[in-house]
Amino acid sequence: MAILALMRHGQSLWTRDNRFSGWADISLSPRGREEARRAGRALFASNITFDLCQTSLLSRANETLGLIVSEMQRPDLEIESSWLLNERHYGSLQGQSRRDVSLRYGNARVVSWRRDYRAKPPLQEADDPHHPFLDPKYQHIDKSELPSSESLEDAAERALRWWEKGISPR
């Protein structure tokens with residue numbers, strides 16, 4: 001029987017500070033590291049055997065996975081990474097505090113950007129120094145595929161591409 005375990009990264013420094021993270025490469029907070037360790041201990045105690053781990057290119061996801069694998073005492077696990085598993089891209093909101101964004105645009109608009117399936121936050125400008133176009137870890141990806149903002153629908157379609165290509169066949 002095949003088992004698929006889905007996990008979100010532990011709390012990041014920006015989540016702790018109530019800031020939009022998206023594709024910004026933010027580290028885990030101390031609480032996030034402990035959340036990851038606790039998840040790893042629970043998986044170890046469950047006696048479930050995994051053959052493969054898959055993660056995004058974001059450091060908080062990789063740090064989470066590293067702590068989980070360590071707690072599971074499985075340094076031999078194969079790990080694949082794909083940008084298709086990255087968190088939703090929050091456009092120009094990335095790095096901003098949710099409070100400041102709510103004051104600027106109104107709470108209803110922010111709720112729409114966060115929860116409406118098709119609503120996209122404002123675009124991140126192509127010349128923004130933090131745009132994925134300029135990040136070396138995305139240089140192997142056609143720029144036309146890299147988002148400047150994503151709706152929940154966009155992020156789901158991107159993740160579905162990885163499901164069909166990298167998860168389901170296994």
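## A tour from the largest pocket outward

Start by selecting A5, L6, M7, Q54 and I167, which lie nearest the centre of the largest pocket among its 49 lining residues. A pocket here is an open set of points on a 1 Å grid over the protein atoms alone, where a 1.4 Å probe fits and protein lies on both sides within 12 Å along at least five of seven lines; lining residues have an atom within 4 Å of a point. This is a predicted model: local features need pLDDT of at least 70 and side-chain atom pairs pLDDT 80 or more, while totals for chains, interfaces and linings use all residues. Residues are numbered from 1 along each chain as its sequence is written, and side-chain values use heavy atoms, with hydrogens and water left out.

**The pocket lining**

The largest pocket holds about 1,600 Å³ of space; the volume is the space filled by probe spheres set on the points, with grid points joined across faces, edges and corners. Colour β1 (52-55), α3, α5 (107-115) and α6 (152-167), the elements that each give two or more residues to the lining of the largest pocket. Helices (H or I, at least four residues) and strands (E, at least two) are DSSP runs, numbered from the N terminus. Helix α6 provides the largest share of the lining, nine residues.

Stay on α6 and select E153, which is in that helix. E153 is buried, with a relative accessible area of 18%; buried means under 20%, exposed over 50%, and partly exposed in between (1.4 Å probe, protein chains only). Leaving aside neighbours within four places in sequence, E153 is in contact (heavy atoms within 4.5 Å) with Y117 and R118.

Next take L52, in strand β1. Beyond four places in sequence, L52 is in contact with L77, E78, E80 and R170. For a distance check, draw a line from L52 to P136: they are 84 residues apart in sequence and 25 Å apart in space, C-alpha to C-alpha.

**The nonpolar cores**

Select L28, A36, A39, L43, F50, C53, L65, L67, I68, V69, M72 and L77, the twelve residues of the largest nonpolar core. Such a core is a set of buried Ala, Val, Leu, Ile, Met, Phe, Trp, Tyr and Cys residues joined through side-chain atoms within 4.5 Å. Both α2 (30-46) and α3 (59-71) supply at least two residues of this core, and α3 has the largest share, with four. Within the core, centre on F50: apart from residues up to four places away in sequence, F50 touches I3, A5, L43, M72, R74 and L77.

Another core, of nine residues, lies apart from the largest one and includes W23, W83, L84 and Y138.

**Rings and charges**

Show W23, W83 and Y138 as sticks; these three form one aromatic cluster. The structure holds four aromatic pairs. Rings of Phe, Tyr and Trp (its six-membered ring) pair if their centres lie within 6.5 Å; planes under 30 degrees apart count as stacked, over 60 as edge-to-face and the rest as tilted. One pair to view is Y105 and W113, edge-to-face at 4.9 Å centre to centre with 75° between the planes. In this pair Y105 is partly exposed at 26% relative accessibility, whereas W113 is buried at 6%.

Two arginines come next. The charged end of R88 sits over the ring of Y90, 4.7 Å from its centre, and R98 lies over the face of F20 at 5.1 Å from the ring centre. The criterion is NZ of Lys or CZ of Arg within 6 Å of the ring centre and within 35 degrees of the ring normal.

**The loop between β2 and α4**

Select H89, in the loop between β2 and α4. H89 is buried, with a relative accessible area of 0%. Beyond four places in sequence, H89 touches W23, Q94, Q124, P132, P147, S148, S149, E150 and R158. H89 and E78 are eleven residues apart in sequence and 27 Å apart in space, C-alpha to C-alpha.

Q94 is found in the loop between β2 (78-81) and α4 (98-105), and is buried at 15% relative accessibility. The contacts of Q94 beyond four places in sequence include W14, F20, R88 and H89.

**Two positive phi angles**

Most residues other than glycine have a negative phi. N18, in the loop between α1 (13-16) and α2, has a positive phi of about 60° and is partly exposed at 37% relative accessibility. Finish at N47, in the loop between α2 and β1. Phi of N47 is positive, near 65°, and N47 is exposed at 65% relative accessibility.
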